[in-house]
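Reader: I would like a close look at one part of this model. Please pick a single residue, say what surrounds it, and work outwards from there.

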Amino acid sequence: MDNEIQEKEWATYQLPDGIRSTSDQDGGTVLDVDRSRIFRANVMGVFILDCLRQGWSEPKIAADVASRYAVNQETARTDVHEFLESLKQHNLIHTAREHEDS
């Protein structure tokens, strides 16, 4: 129950409508159609983007990253958080609340 409550306290991120991505064995490409920008992402970055598309929270993504890539929980939390912050800085994701307010 505590995990469920904590899960709801985290922001839900969404990819704006103008974001497209492709992936291959080396990672992927993220295209910001609205701003005509292209970004590269490694395999883990593509995985995180896929999780965001499925509506996963930051803690859920970090837990899966820790399991999938055999890293400790703290490292996974830090890496996922830093990647999400980078996506936000480049306007590649926004919180559901930000989207509702605009």
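Author: Start with Gly28, which touches Thr22, Ser23, Phe39, Arg40, Ala41 and Val46, leaving aside residues up to four places away in sequence. The model is a predicted one. Gly28 sits in strand S3, residues 27-32. Its relative accessible area is 2%, so Gly28 counts as buried, the cut-off being under 20%. Between the C-alpha atoms of Gly28 and Asn42 there are 6.3 Å, although the two residues are 14 residues apart along the chain.

The strand around Gly28 belongs to an open sheet of 3 strands, ordered S2-S3-S4 and paired antiparallel. Strand S2 (19-24) and strand S4 (37-41) form the edges; each has a single partner strand, so one side of each lacks a neighbour in the sheet. From one strand to the next, the twist averages 20 degrees. S3 and S4 run antiparallel and are joined by 5 bridges. In one of the pairs, Thr29 has Arg40 in S4 as its bridge partner.

Next comes the helix over the sheet. H2 lies across S2, S3 and S4 and runs at about 55 degrees to S3. H2 spans residues 43-53, and its axis comes within 11 Å of the axis of helix H4, residues 73-89, crossing at roughly 75 degrees. The two helices, H2 and H4, are therefore roughly perpendicular to each other. On the H2 side the contact is made by Gly45, Ile48, Leu49 and Leu52, and on the H4 side by Val80, Phe83, Leu84 and Leu87. By type, the residues of this contact are 7 nonpolar and 1 polar, with no charged ones.

Note on methods:
Residues are numbered from 1 along each chain as its sequence is written. This is a predicted model: local features need pLDDT of at least 70, side-chain atom pairs count only at pLDDT 80 or more; totals for chains, interfaces and linings use all residues. Side-chain values use heavy atoms; hydrogens and water are left out. Axes are lines fitted to C-alpha atoms, for helices over the stretch in contact, and angles run from 0 to 180 degrees between N-to-C directions. Helices (H or I, at least four residues) and strands (E, at least two) are DSSP runs, numbered from the N terminus. Angles under 35 degrees count as roughly parallel, over 145 as roughly antiparallel, 65 to 115 as roughly perpendicular and the rest as oblique. Contact means heavy atoms within 4.5 Å. Ala, Val, Leu, Ile, Met, Phe, Trp, Tyr, Cys and Pro count as nonpolar, Asp, Glu, Lys and Arg as charged, and the others, Gly among them, as polar. Buried means under 20% relative accessible area, exposed over 50%, partly exposed in between (1.4 Å probe, protein chains only). Two strands pair if DSSP finds at least two bridges between them.
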